[in-house]
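Q: Please take a close look at the salt bridges in this model. I'd like to know where the partners sit and how covered they are, plus a word on any charges left unpaired.

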Amino acid sequence: MSTTLAARPRVRLLAALIAGSLASPFAHAQSADGQAKTLDQIVVTGVRASNRTSLDSPVPVDVLTAQDLRNAGAVNGELGAALAVLLPSFNFPRQSNSGGSDHVRAAQLRGLSPDEVLVLVNGKRFHTSALVNTDTKIGNGTTPVDFNAIPISAIKRIEVLRDGAGAQYGSDAIAGVINIILKDAPTGGEVTADYGAYHTKFRPTDREITDDQGGYATADFGTTLAGNGFFHAGVETSHHAGTNRAGYDTVPDFIADQTPANLALRDQRNYAAGDPPNESYNGWFNSELPLNDHTQAYWFGTYTQRHTIGDNYFRYPDSDANVPSIYPDGYLPQSIGHNRDAQTAGGIRGNWGEWNYDGSLNWGRNAFDYDLRDSLNASLGAASPTYFHIGDYAFNQSTANFDTNRQLEVAGRPLTLAIGGEYRYEVFRTGAGDPASYAVGSFDAPAGAQAGGGLQPQDAADLSRRVQAAYAEVSSDITDTFFADAAGRYEHYSDFGGNWSGKLSARWEFTPGFALRGAASNNFRAPSLSQIGYEATTSGYGADGKLVTGRILSVNDPLARDLGAQPLKAEKSRNFSLGITGQLGNAFDFSLDAYQIAIDHRVTLSETIDNDGLEQYILQNFGVAGVQSVQFFTNAVNTVTRGAELVGNYHATVANGSLLLTLAYSHNNTQIRSVEATPAALIAAGADNVLFGVEARNTLTDAAPRQRGTFTAKWDNQHWGLLARVTRQGATTRVFDFGDGYIPTQTYAPRFQLDAEVEYRVTNRLSFALGGDNITNQYPTRSDSDINYGGNFPYDVISPIGSNGAYWYGRVRYAF
């Protein structure tokens, strides 16, 4: 058996009858089948030794099965939403009116940035999104992996390594690694259909709302190929209508002039806030073909096409952002996202003498076309179009890997030696929008399409780089009770140089059933090509409610350099973890892991630089008119994150069925260690300018919940499956800087969420399920008057419980 990440798992069924797993409790918590699968399943993430299970791994690895993902009841069948339900350390906020986040949702692991977690599919690096997330809170300035581009129906299991792993897998693996393993059954398949909707009492408007009606359908099948080969493939489609949780507009004077036309809109729902309408179409396949007794060829791929609609801020009738002859009653611009995502990888693996090898080629691409409708370019007057193409984005990643390993015997003990290399080529491109989307007409009105001026020809980016890497890893059971692993990796980037990463991990079973485990590593994340070269011109409303035309500048732009921008450096982390695991007979098991992650040179988008004299300063020094705000990427901050994760499982036979109780809890706390001083050039442009201010500090430290816990009860017999899950969503804090020392701050209290599902298995092939998420209809704390934007946004977007209320669904599944 190959021991690369793409290796197929072995399952020792007798040992798997012992319920409970120290590092993968969530699989047990969701599935009767899972109770007999994950305890002694060979895991292929986190260590390259061929005989490690999630039970005896030296680092925490969670294993989630396909049944777990179904039982998560994720809205729209979203993979990211399912992971957020199942993993307390995983945050997937439903942000709204948030630019790119309306179309590509960013996820966090252990409270770190969305681009500080590495995602693999069948052990091969998955590409990131092409769209740069700006005008958002969580994930601002990042190009994260789009989890929802991976069809949830394609997944056999997911292994989540909660530890730094740069020495093993390269850049981005600071918070951990998520390895998504595709279905590989040589026969059989299934057809599944799900339909659901939100039904809620929305108190800010005293209305009962039912919306976001829609569902998803999947079908997959497997067939045998020559010998013991297989081909498994499937399709998936989903459609949801979207939600709106906006409040009544009080039309305060800081939002709109107090004219009769504007005031006539008071106490109406002029804005929209909620999940965007979306439809997606997905396909995938996974295959393996034996070439001879010692060699197999494999090939797999995924494809997603998704269309989404995001809402922006309302423009009032009497406003310099409006042309009354086009929109006499004002207008609500909507962004349109056309997202196409593809990955395919193939290779040959086998053994040559004592060596196992795996050589592969992997190609991934994300293309995003960005449009606007129900908008206008006010500077063009009545001649303005109302639909714009505002830009296109593309990211390509091509990778070649060659991995080898073999078993040795040293001093009478088995030792695994792994050696490998990687070559990667990355390309990031952006293209300009329609000329009307950025045209400057009359100087008496804002230029560019409202709610997102188009990329201008000078904004267009075309960047590429080459990456070479080599690694070595050794692991051994040094004694019957002590296992150790050591890994080292060198990675060289053509655009900023090289980096060494190393990792040591170990597990000591100090008494039967109980073990200590720990790891120490240094890791890194190279700044993405988008963070190095992305530029854009936007028009929108600032935090203080005023319309602002701004530019996001590349660090290579002369204007950015004049304001103090520096070439970006790689983020570098030092990770330490220490944990204890234990198993008491067949009834109870637990794990507790504490960790610290110190990160230097974190890449963030600067604060919005928009002092009163900036527009004139830029005009005088660079001859560019109408730029009222500027942002660029920086390495201005160093942080440290400390946390702990607890998991416990208890299982028993109750009423002729199997009962599993699982408690899982995650705590993380990120603090700012140091901040670079604001450059003198930036101060010269305005005394109030800061490079890294209170809003950016809030984004990194407490905008995401620091605590999250779940208690799950799952009971199964031959025909029935009952599940109840209580989740405590931790507190979050929102900070705005409106200038002149006015910094409204609000902390949103913790909330308890109750989910439940009932499944009836008519036969071993056909089943029906009914369930609900947040069935007690909980909402976050109401935003106060300083933050709710004139009553339009009664709930903030950062709370993980969301602002949609209760979601109810039904599912039918037929397996064959």
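A: Here's a walk through a few of the charged pairs, followed by a charged patch. Bear in mind that this is a predicted model: local features need pLDDT of at least 70 and side-chain atom pairs count only at pLDDT 80 or more, while totals for chains, interfaces and linings use all residues. Residues are numbered from 1 along each chain as its sequence is written, and side-chain values use heavy atoms, with hydrogens and water left out.

Side chains of opposite charge can pair when their charged atoms come close. Here a salt bridge means a side-chain nitrogen of Lys or Arg within 4 Å of a carboxyl oxygen of Asp or Glu, and the count comes to 43.

Take R110 and E645, whose side chains meet at 2.9 Å, N to O. They sit 535 residues apart, with R110 in the loop between strand 3 (108-109) and strand 4 (117-121) and E645 in strand 25. (Helices are DSSP runs of H or I, at least four residues, and strands are runs of E, at least two, numbered from the N terminus.) Both R110 and E645 are buried, where buried is under 20% relative accessible area, exposed is over 50% and partly exposed is in between, using a 1.4 Å probe and protein chains only.

Strand 25 (629-654) also turns up among what covers the buried residues of helix 12, going by contacts, i.e. heavy atoms within 4.5 Å. Those buried residues are A696, N698, T699, L700 and T701.

Next up is R424 with E422, closest N and O atoms 2.5 Å apart. R424 counts as buried because its relative accessible area is 1%, and E422 is buried too, at 12%.

D462 and R429 make a pair with more solvent in reach: D462 is exposed at 56%, and R429 is partly exposed at 41%. Their closest N and O atoms are 3.2 Å apart, and the pair links strand 17 (residues 462-477), home of D462, to strand 16 (residues 413-431), home of R429.

As for networks, salt bridges that share partners join E422, R424, E426, R465, R489, E491 and D495.

And the unpaired charges? D610, D612, D688, D737 and D740 form a negative surface patch; such patches take residues with over 30% relative accessible area and no salt bridge, like charges being joined within 9 Å. D610 lies in the loop between strand 24 (588-605) and helix 10 (614-622), and counts as partly exposed because its relative accessibility is 43%.

Methods. Patch = residues over 30% accessible without salt bridge, like charges linked within 9 Å, V, L, I, M, F, W, Y side chains within 5 Å. Areas by Shrake-Rupley, 256 points an atom, 1.4 Å probe, with all protein chains shown as cover. Lys, Arg positive; Asp, Glu negative; His and termini not counted. Charge placed at Lys NZ, Arg CZ, Asp CG, Glu CD.
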